[in-house]
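Student: Could you take me closely through one part of this model, the place where two of its chains meet, and connect the details as you go?

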Amino acid sequence: MALIERFQKTTDIGFWEGQIPMSYIYTVGRAGEKFFRELMNGKIIGAKCDVCNIIYVPAKIFCERCFARLEDKYLEVGTTGTVHTFTQCYETYDGMRKETPSIVAVIHIDGTQGFLVHWLGEVEFEKVYIGMPVEAVFKPKKDREGSILDIKYFKPVK
Amino acid sequence: MRRVAIVGAGITKFYRNVQETPKELAFEATKMALESCEMKLSDIECVVHGTAPDAFDGIHMKGEYLSDGSGAFRKPYMRHYVGGGTGVLSPIHGWFHVASGMFDTCLVVAEEKMSSAYPHPAGAFLTIFDHTTEQPLYPTLIWIFAIEMNRFMTTYGYRKEDIALVAVKNKKNAMDHPSAQLPAEITVQDVLNSEIMAWPVNRLDISPTSDGAACIVLAAEHVARRVTEKPIWIDGVGWALDTAYWTTRDLYYPDYVEVAARQAYKMAGIKEPSKEIHIAEPYDPFTYKELHHIEGLGLCKRGESVQMLLDGVTQRTGNLPCCPSGGALGVGNPIAATGVMKIIEIFLQLRGEAGKRQVPGKPTCGLAQAWGDLMQVGTVVVMRS
Amino acid sequence: MEITEKMVLKTATKLSAEEIQKGKVLSVQWTPNLKYAWDNGPAIGRYLAELKNGKIIAKKCDKCHRIMIPPRMFCELCWVPTSEWVYVQDTGIVNTWVVSYVDWKAGRLDIAGGVRPFTPAVIEIDGASKGMGILHHLNEVDPWKIYRGMKVKAVWKPPEERIGAITDIKYFKPIE
């Protein structure tokens, strides 16, 4: 009997099931506090580094390129952008099949070097193209809770 | 190999439940470290990051997540992780980058945000135990510390009231540390009267749940001499892991710490550590661990650490001050950041710039040590002025 | 100028868990939905199968002759494969132990309400090499009367309740 075979025949193949029984509460942080509170007002906030001449979206407290502090450099960047790239997704986050596929896009926010990942809505997949102008569609104000989901999706600019 | 110096340091306040995201914490420590030595991010050639389980912050692949806050944008970057031993592995990891000649400067960043984890960060440790032979018994990390402390105590006949003095000493030392989370003047009786967690461990025997970050700047000799008049040299590094079958080791003595220390001493040319090391920051997540590690480091003979403590040798004014910072028990224990906090303490002490915490006698040789994984890793750094 | 003068603390912003949970600052809650099925492998597979039979099995290193429990397919000291299976006793001695007032998530047990503290221990199993211990619970003993070297024996679940798990042993209790 080969070595590997002998090892494997010592017992039936078995397994043990378990999980990591943890949950988390993440604070959104100092920059996140500004960004998500303003989302509730229907605004998207970036942060500008004057040294590198870059506007980050979402806002950050620092420039990752030069480490300048940006907390006094927050600015409203508007809610429009263009489709940087996109896909149509048939699976959920945990690998299950979706009934109706959703379109996921990286949106390049106009006038910035920043990007947001979000869904596209009010558009057929066949009509989406890279460079397509889009705008954020917010939830009704009463339903906003300071989350990225306060934006329902981005839709084509008519 | 080239000589490597620490030239700058930065550290956040240690608290439980901070508003900052992990990467914002990392940024604050890193920014301070760069400012401390008047360097720019563009002066940095590579970055290493130490951070313990992803399950604390709850961010899978948190090394990658933390990279921008650590100043690693488009730079060579590596993350390392050996549980509680991570913080002192961090400077070792950075040391390799510079000593090898590959890079002249290196940022060494460590971060932990344990308060994100619910129901309690201790629960994140359930899955470090063997999943079939131990996890079904629902072990907690506090048990295995208590189990080790018991073995340590019964082997030498140490008394709980003597070991409690470590908490008294370290929390008092922390009164002078600007980052400290749990500075306090307490008595041995306070420790003994505090809530029993798992006998022989009471609440005040344990370091807290903490959020925080710390950073040092490493430089090759020719750079270090231009950056600062007082570079602190990393003269010895050592680390080792013991068997993962932790229940088959005799827990009274940390062999892995001894192996790591011997490696570091050999490299630093140290023959008699108890005489040649002037100041030490052994890892003290629990009171007994400081003593356990002092023995493993060879700073006293086996079984003599408690007497050393009782004699005041490890006080800030003693012959071999241990945890003059206030340690994990006093300053707090954001796991990986704690190890770098200890490195920073030795850095400041050897420069003679530790302020109210400064130990007398102008120490010139110090040591920081951490410990972790499944009670099996020792990491040691020897530093000289 | 001392370097500490340039080490100016600008953070962090202290909150409490209550403040975060009550929404003083924005936060996101998440519970990872991940489960695992870990293959036992041949050594632990046999170990669990024998536990179901009410027996404890170990493996012997061909080189250093250590009898190792839990069994393993290689000796981690000699770095050679192991081939010989050895039954060991279901008795042993207490190597070290704890009287725990907390559970795995640092939750407090209602000790005042009469809940017995957990008393996990490292138990050196008779028949295995010296120092070879496993983690298990002690019970049927006053938690404060446990001592190093105390002789103990496994208390098994009834055969029909065993599933091939370390918990097929309910706990260890002192031998009279």
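Tutor: Buried area here is the accessible area, for a 1.4 Å probe, that two parts lose on being put together, summed over both. In this predicted model, the area buried between chain B and chain C comes to about 5300 Å², and carbon and sulfur atoms give 65% of it. In chain B, the residues that lose the most area to chain C are B:L137, B:W143 and B:Y245, which together account for 13% of what that side buries. Counted by contacts, 64 residues of chain B meet 56 residues of chain C.

Turning to specific interactions, the rule finds 23 residue pairs in polar contact across the interface of chain B and chain C, both residues being at pLDDT 80 or more, and two salt bridges. One of the salt bridges joins B:E38 to C:K6, with the closest N and O atoms 3.3 Å apart.

As for the elements involved, β1 (4–11), α1 (22–36), α5 (141–156), β6 (196–199) and α15 (335–351) of chain B each supply at least two residues of the side that touches chain C. The largest share of that side, eight residues, comes from α5(B). Sorted by class, the side of chain B that touches chain C has 30 nonpolar, 22 polar and twelve charged residues.

The two chains also meet through strand pairing. β6(B) pairs with strand β9 (residues 99–100) of chain C in the antiparallel sense, over two bridges, and within β9(C) it is C:V99 that serves as the bridge partner of B:W199. In general, strands of a sheet pair through backbone hydrogen bonds, either parallel or antiparallel.

Chain C also has an open sheet of five strands, in the order β11-β10-β8-β12-β13, with antiparallel pairing. Its edges are β11 (133–137) and β13 (169–174) of chain C, and each has a single partner strand, so one side of each is left without a neighbour in the sheet. Neighbouring strands of this sheet are turned by 45° against each other on average, with direction ignored. Towards the β13(C) edge, strand β12 (residues 151–156) of chain C is joined to β13(C) by five bridges and the two run antiparallel; C:A154, for example, has C:F172 in β13(C) as its bridge partner.

This sheet brings us back to α5(B), which packs on it and touches β8 (91–97), β10 (120–125) and β11 of chain C, while the direction of α5(B) makes about 95° with that of β8(C). The helix that gives the largest share of the side of chain B touching chain C is thus also one that packs on the sheet of chain C.

Definitions and conventions: Residues numbered from 1 in each chain as written. Chains lettered and ligands numbered in written order. Predicted model: local features only at pLDDT ≥ 70, side-chain atom pairs only at ≥ 80, totals over all residues. Heavy atoms only, no water. Contact = heavy atoms within 4.5 Å. Salt bridge = Lys/Arg side-chain N within 4 Å of Asp/Glu carboxyl O. Polar contact = N/O pair within 3.5 Å; in protein donor to acceptor, adjacent residues only side chain to side chain. Helix = DSSP H or I, 4+ residues; strand = E, 2+ residues; numbered from the N terminus. Nonpolar A, V, L, I, M, F, W, Y, C, P; charged D, E, K, R; others polar. Pairing = 2+ DSSP bridges. Axes fitted to C-alpha atoms, helices over the stretch in contact; angles between N-to-C directions.
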